[in-house]
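Visitor: I have a model open on my screen and would like a friendly tour of it. Could you take my questions one at a time?

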Amino acid sequence: MFKRILTPLDGSTLSEGILPYVRALAPALGARVELLHTHSSMTTYELEDMEGEEHASIMAALEPVQTRLRNQSVSYLSQVAHGLADLGVETRVSVRIGSPSDQIVDVAEQEPDTLIAMSTHGRAGVGRWLMGSVTDRVLHTTMTPMLVVHPERFSPSPDSATAIQTLIVPLDGSDLAETVLPIAGAVAAAAGAGVHLVRVLDEAGRSAMSVGQLAEAGVSEGTREEGDASEYLGGKAEDLRRGGVTEVHTMVVRGNPAEEIEELSRNTPNSMLVACTHGRSGVGRAVMGSVTDRLVRHSGHPTLVVRAPHY
C-alpha cells in the first residue's frame with residue numbers, strides 16, 4: 001500500500017485543491033506526505049552549449065537567482081507543511097530544478113509504494129507552471145498510481161479533509177481492469193470506505209450464444225449477459241470482503257461506459273473513481289484507455305488512476 005503521497009504544488013490556490021484529499025488519505029493510509037515544488041531550469045540550450053569563461057560567467061550570475069527561488073519555494077512549502085502538522089504523519093518538502101513533469105515522475109519513481117496526488121489546473125505568478133499541462137504529461141508518462149482532482153469544480157478549504165466514503169470501480173471483465181482491485185480494496189479498508197463495482201454493458205455487445213440458442217433456453221440475450229456480469233461482479237465483491245472491505249455493492253447497467261460511470265459518480269456523494277490505464281513502454285506508454293481518459297478529463301470527480309504495466 002502507499003507509504004508516500006507525493007504532492008506537487010505551484011503556489012496557487014487551485015494547485016492546493018488537492019490538499020483536502022491528502023489530509024483525508026495520509027492519516028488513513030499511514031503515509032508520509034512529500035510536498036514538491038519545481039522550477040524550470042533557467043539555462044537554455046544556447047547556454048548549455050557555451051564553454052569557457054562566458055559560460056562560467058553567466059552561470060555565476062544565475063546562481064543567486066536560483067538560490068533565491070529555491071529559498072522562496074522551501075519557505076512556501078514549509079508553510080503548507082505547517083498546515084498539515086495536525087495529520088499526525090511525517091511531512092517533508094523538496095524543491096527541484098528542471099522540467100516540472102520530468103522532475104515529478106523522477107521523484108515519484110525513486111521510491112516504491114508512492115501515490116502522486118495533484119490538481120489538474122492552477123497557475124499563479126511569472127514562471128509558475130501550468131498544472132493542467134504538467135498533470136497531463138505526468139499522467140501519460142508515469143507508472144506510479146496517481147490521484148487527480150478538479151479543484152475548480154469542487155472547492156473545499158485546503159485546511160479541511162474531504163472524506164472519501166465510496167470508491168467507484170469500473171470493471172469490464174478483463175484482467176487489465178482487475179489490476180485496480182488490490183489498490184481499491186486496500187484504500188477502502190484503510191479509509192473505512194465502501195466500494196461500488198460497476199459493469200457497463202455496451203448496447204452493441206453480443207452474447208457468445210446465438211439468439212436462437214438463448215431463446216431455446218428460455219432467456220433473452222440481454223438477460224444472459226446481465227446475469228453473467230452480475231455473477232462476475234459478485235465474485236469480485238466477495239474477494240474484496242475477504243480483504244477487509246465491509247461494504248461492497250455491485251451494479252450492472254447498459255449504455256455508454258464513460259457516460260454511465262460519470263452519472264453514477266455524480267449521484268454518489270464523497271466518491272472517488274478508481275480506474276486503470278494501459279501501461280506500455282516507449283511511445284505507447286503515452287496511450288491511456290479511452291474510458292479512463294474521458295473520466296479523468298471530464299467527470300470532474302477525484303480519480304485514482306492505476307497503470308497496468310504488464311498488458
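Visitor: Which side chain meets Arg 4 in a salt bridge at 3.8 Å, N to O?
Guide: Please keep in mind that this is a predicted model, where local features need pLDDT of at least 70, side-chain atom pairs count only at pLDDT 80 or more, and totals for chains, interfaces and linings use all residues. Residues are numbered from 1 along each chain as its sequence is written, and side-chain values use heavy atoms, with hydrogens and water left out. A salt bridge here is a side-chain nitrogen of Lys or Arg within 4 Å of a carboxyl oxygen of Asp or Glu. At 3.8 Å, N to O, the partner of Arg 4 is Glu 111.

Visitor: How many residues apart in sequence are the parts that Glu 111 and Arg 4 tie together?
Guide: Helices (H or I, at least four residues) and strands (E, at least two) are DSSP runs, numbered from the N terminus. Glu 111 lies in the loop between helix 4 (100-108) and strand 4 (114-119), whereas Arg 4 is in strand 1, so the parts tied together are apart in sequence by 107 residues.

Visitor: Is Arg 4 buried or exposed?
Guide: Buried means under 20% relative accessible area, exposed over 50%, and partly exposed in between (1.4 Å probe, protein chains only). Glu 111 has a relative accessible area of 30%, so that residue is partly exposed. Arg 4 has 1% relative accessibility and therefore counts as buried.

Visitor: Which residue in strand 2 forms a salt bridge with Arg 4?
Guide: The closest N and O atoms of this pair are 2.9 Å apart. The pair links distant parts of the chain, 30 residues apart, from strand 1 (residues 4-8) to strand 2 (residues 32-39). The partner has 9% relative accessibility and so counts as buried: Glu 34.

Visitor: Which residues do salt bridges with shared partners join into one network?
Guide: The structure holds 17 salt bridges. Those that share partners join these residues into one network: Arg 4, Arg 32, Glu 34 and Glu 111.

Visitor: What does Arg 294 meet in a salt bridge?
Guide: The N to O distance is 3.1 Å for the pair of Arg 294 and Glu 262. Arg 294 lies in helix 11 (residues 290-298) and Glu 262 in helix 10 (residues 257-266), so the pair ties together parts that are 32 residues apart in sequence. Arg 294 is partly exposed at a relative accessible area of 31%. At 9%, the buried partner is Glu 262.

Visitor: How wide is the arc that the buried residues of helix 11 cover around the axis?
Guide: The buried residues of helix 11 are Thr 292, Asp 293, Leu 295 and Val 296. The arc is that of the directions from the helix axis to the C-beta atoms. These residues are on the same side of helix 11, because the arc they cover is only 165°.

Visitor: Which helix gives the most to the largest nonpolar core?
Guide: A nonpolar core is a set of buried Ala, Val, Leu, Ile, Met, Phe, Trp, Tyr and Cys residues joined through side-chain atoms within 4.5 Å. The largest has 52 residues, of which Ile 18, Leu 147, Leu 167, Val 169, Val 195 and Leu 197 touch the most other members. With 6 residues, the element that gives the most to this core is helix 1 (residues 19-29).

Visitor: Where is Thr 144 found?
Guide: Thr 144 counts as buried, because its relative accessibility is 11%. Leaving aside neighbours within four places in sequence, Thr 144 is in contact (heavy atoms within 4.5 Å) with Ala 108, Glu 109, Thr 114, Leu 115 and Ile 116. Thr 144 is found in the loop between helix 5 (131-141) and strand 5 (146-149).

Visitor: Where is confidence lowest in the protein chain?
Guide: pLDDT is the predictor's confidence in each residue, from 0 to 100. The protein chain averages 81, and 74% of the residues score at least 70. Confidence is highest in strand 1, at 97, and lowest, at a mean of 48, in helix 8 (residues 211-216).
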